[in-house]
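Student: I should like to learn how to read the features of a structure. May we work through one together?

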Amino acid sequence: MNPATERDHRCGFVTVAGRPNVGKSTLVNRILGRKLSITSNRPQTTRHRILGIATSGTSQIVFVDTPGIHRGRARALNRYMNRVASRALIGADLVVMVVEASGWTPDDDHILERIGAEAAPVVLALNKIDRIKRRETLLPMLAETARRYEFAAMVPVCARTGENLDRLRSVVEMHMPIAPPVFPEEQLTDRSDAFLVAEIVREKLIRRLGQELPHRLTVETERFVEQERRTLINVLVWVERKQHKAMVIGKDGGRLRDAGIAARRDIGRMLGHPVHLEIWVKVREGWSGDERALRGLGFAE
Ligand SMILES: Nc1nc2c(ncn2[C@@H]2O[C@H](COP(=O)(O)OP(=O)(O)OP(=O)(O)O)[C@@H](O)[C@H]2O)c(=O)[nH]1
Ligand SMILES: [Mg+2]
């Protein structure tokens with residue numbers, strides 16, 4: 001870095017928070033220009049805090065993708081996810097709160113209250129504007145939203161197509177403190193390949209299953225061995241009941257096979273070489289309601 005850029009270089013942590021399913025992970029992936037966090041049309045897809053590091057010549061912005069904050073506190077897994085999201089707000093240089101442009105909800109109020117309790121400025125991203133048929137309705141909507149909180153900025157975006165994300169990124173960058181980079185230039189995340197592999201397998205399964213089951217399964221990479229020409233990977237899918245296992249596997253093994261093929265393709269692309277992927281489905285009763293079982297399955301903060 002030459003002395004001029006060194007003096008102006010910006011670096012900071014940006015926590016991306018909001019309700020489940022509003023498009024936080026899609027937005028982080030789009031800004032990074034790489035698929036890092038898994039996404040689906042099921043709420044509560046993201047379960048962990050995942051750093052996505054966007055480095056340019058003049059800045060390093062560390063986006064922190066978080067689980068959607070929700071009210072279902074019944075199970076240990078839900079409590080874990082809400083805890084992860086809340087803790088990610090602490091110490092952030094900026095929070096990007098993501099909402100759906102189609103309308104503000106009481107849950108958004110609840111989340112804004114939590115976010116507002118921390119000291120960081122809040123930028124509001126109104127996402128999914130592609131679903132707004134009449135764009136002229138956005139202006140009154142922005143005016144109404146501005147009354148809710150003193151947002152540092154409000155930016156309508158479409159994470160799916162990337163519309164206006166340049167604007168969001170530059171607004172975010174403006175709010176980053178002057179500081180040197182904290183991560184090496186080529187580092188994209190804090191997560192291991194083994195973690196990302198388990199997430200990819202979970203995404204492929206979630207996208208092929210009904211409403212409830214995605215919340216009842218978790219995926220763990222059991223073996224990750226890099227060889228000269230390919231990587232050998234064994235993955236365990238944990239479900240809570242025997243019937244769940246049958247549903248994950250599908251008729252004649254079809255569902256698991258399909259998910260495996262899709263996962264292998266994505267993993268191969270991510271690692272840049274072919275992989276041998278084996279997926280086993282196992283039952284661990286009540287894992288999602290049991291703090292100890294969760295810790296054993298890698299749900300550690
Ligand atoms: N139409 C439209 N859909 C979008 C947009 N952004 C995200 N989505 C879709 O919204 C759904 C949820 O996206 P995610 O990125 O998984 O949402 P999330 O907020 O990370 O959800 P959780 O991890 O469950 O909290 C997916 O089906 C996305 O394809 C957008 O700009 N427009
Ligand atoms: Mg997500």
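The dialogue below takes up the sheet, a helix and the ligand shell.

Tutor: This is a predicted model, in which local features need pLDDT of at least 70 and side-chain atom pairs count only at pLDDT 80 or more, while totals for chains, interfaces and linings use all residues. Residues are numbered from 1 along each chain as its sequence is written, and chains are lettered from A and ligands numbered from 1 in the order in which they are written.

Student: In what order do the strands form the sheet?

Tutor: Strands of a sheet pair through backbone hydrogen bonds, either parallel or antiparallel. Here 6 strands (DSSP runs of E, at least two residues, numbered from the N terminus) make an open sheet of mixed pairing, ordered 2-3-1-4-5-6. Pairing requires at least two DSSP bridges between two strands. The edges are strand 2 (50-55) and strand 6 (153-156), each paired on one side only.

Student: How many bridges join strand 1 to strand 4?

Tutor: Strand 1 (residues 10-18) and strand 4 (residues 94-100) run parallel and are joined by 5 bridges. Within strand 4, L94 is the bridge partner of V14.

Student: Which strand pairs with strand 5 over 4 bridges?

Tutor: Strand 5 (residues 122-127) pairs with strand 6 in the parallel sense, and V123 stands opposite A153.

Student: Which residues come nearest to ligand 1?

Tutor: A residue is near a molecule if its C-beta atom, placed from the backbone, lies within 6 Å of it. Of the 23 residues around ligand 1, the nearest are G23, S25, T39, T46 and G68. Helix 2 (residues 24-32) contributes the most to this shell, with 3 residues; helices are DSSP runs of H or I, at least four residues.
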